[in-house]
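Trainee: Could you choose a single part of this model and take me through it closely? I should like to know what surrounds that part and how it joins the rest of the chain.

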Amino acid sequence: MGHSTIDPATNGRRAWNAGRVVGAKRALKPPQVWAIRFWLDHEGRLRDRALFDLAIDSKLRGCDVVKVKIGDLVSGGRIRARAIVVQRKTKRPVQFELMEAARTSLLAWLERRGGTVEDYAFPRRIDHSPHLSTRQYARLVDEWVTAIGLRKEDYGTHSLRRTKASIIYRATGNLRAVQILLGHTKIESTVRYLVVDVEDALTLAEGTEV
């Protein structure tokens, strides 16, 4: 069999994905979520703890997480139990819950942060940008996961988006509910998000008697 003249193997060039992990980023498991929270608290990272909790509960894409405004989260001086954000990608609103852990960390951060309801919840600290960039958010996620001993190549901002959705699906098997929570317009997109890795598949199989 011959080789193409553009085959990297024939000219000494490395393939574009050489050394990279290709495919969906892994969702975090509950112990890993709490390990990151513990580390952020220990390091006194008030902003990062609030950002992490918001990302987990909201199940938003990174481009939407960084653009959440204070008014999206606060009502009458209190953190909302439920919030609504219009997604940048689909232009459709998606509703999400904010659990007690997230409400507590968000309130502590916003009290320190100050600002008005029209301000972004997570401003950038340099260049006077109005909000964190998605690149900066991705770097923070890399830092968080490596801090608890995980490989940053296996995790990313989509890991946080997928985490709670994956847990809910495993607990309920309700694909339609997860689709609504993620704000997907097509069920096929939701199916791709709910990838079960080999370890999880074997654990499920070992727990099933025939």
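Mentor: The following account centres on helix 3 and then moves outward to its surroundings. This is a predicted model, in which local features need pLDDT of at least 70 and side-chain atom pairs count only at pLDDT 80 or more, while totals for chains, interfaces and linings use all residues. Residues are numbered from 1 along each chain as its sequence is written, and side-chain values use heavy atoms, with hydrogens and water left out.

The chain has eleven helices and four strands (DSSP runs numbered from the N terminus: H or I of at least four residues for helices, E of at least two for strands). Helix 3 spans residues 46–58. Of the chain's 210 residues, 38% count as buried (under 20% relative accessible area with a 1.4 Å probe, protein chains only; over 50% is exposed, and in between is partly exposed). Among contacts (heavy atoms within 4.5 Å) between residues at least 6 apart in sequence, 59% join residues at least 24 apart.

Helix 3 packs against helix 2 (30–42) at an angle of about 160°, with the axes 9 Å apart. Such axes are lines fitted to C-alpha atoms, for helices over the stretch in contact, and the angles run from 0 to 180 degrees between N-to-C directions. Helix 2 and helix 3 are therefore roughly antiparallel (over 145 degrees; under 35 is roughly parallel, 65 to 115 roughly perpendicular and the rest oblique). Helix 2 passes helix 3 in a left-handed crossing (the near helix is turned anticlockwise from the far one by less than a right angle; clockwise would be right-handed). In this pairing, Val33, Ile36, Arg37, Leu40 and Asp41 of helix 2 meet Asp48, Arg49, Phe52, Asp53 and Ile56 of helix 3.

Helix 6 (100–113) is another partner. Helix 3 and helix 6 have axes 8 Å apart and an angle of about 140°, and they are therefore oblique to each other. Here too the crossing is left-handed. From helix 3, Leu46, Arg47, Arg49, Ala50, Asp53, Leu54 and Asp57 take part, meeting Ala101, Ala102, Ser105, Leu106, Ala108, Trp109 and Arg112 of helix 6.

Next comes the nonpolar core (a set of buried Ala, Val, Leu, Ile, Met, Phe, Trp, Tyr and Cys residues joined through side-chain atoms within 4.5 Å). In the largest core, of 39 residues, Phe52, Leu54, Leu73, Phe122, Tyr137, Trp144 and Leu160 touch the most other members. Helix 3 supplies the largest share of this core, six residues. Beyond its neighbours up to four places away in sequence, Phe52 touches Leu28, Val33, Ile36, Arg37, Leu40, Trp144 and Leu160.

Asp48 also lies in helix 3. At 2% relative accessibility, Asp48 counts as buried. Its side chain is joined to that of Arg47 by a polar contact of 2.9 Å (a pair of N or O atoms within 3.5 Å; within protein, one must be able to donate a hydrogen and the other to accept it, and residues adjacent in sequence count only if both atoms are side-chain atoms). Leaving aside neighbours within four places in sequence, Asp48 is in contact with Leu40, Leu140 and Trp144. Asp48 and Leu140 are 92 residues apart along the chain, yet their C-alpha atoms are separated by 8.0 Å.

Arg47 leads to helix 7 (residues 134–147), where Gln136 lies. Outside its neighbours up to four places away in sequence, Gln136 touches Arg47 and Arg124, and the side chains of Gln136 and Arg124 make a polar contact at 3.5 Å. Gln136 counts as buried, at 16% relative accessibility.

Lys59 is in the loop between helix 3 and helix 4 (62–65). With a relative accessible area of 1%, Lys59 is buried. A polar atom of the Lys59 side chain lies 2.5 Å from the backbone oxygen of Asp57. Not counting residues up to four places away in sequence, Lys59 touches Leu54, Phe96, Glu97, Arg161, Lys164, Ala165, Leu181 and Leu182. Lys59 and Ala165 are 106 residues apart in sequence and 7.3 Å apart in space, C-alpha to C-alpha.
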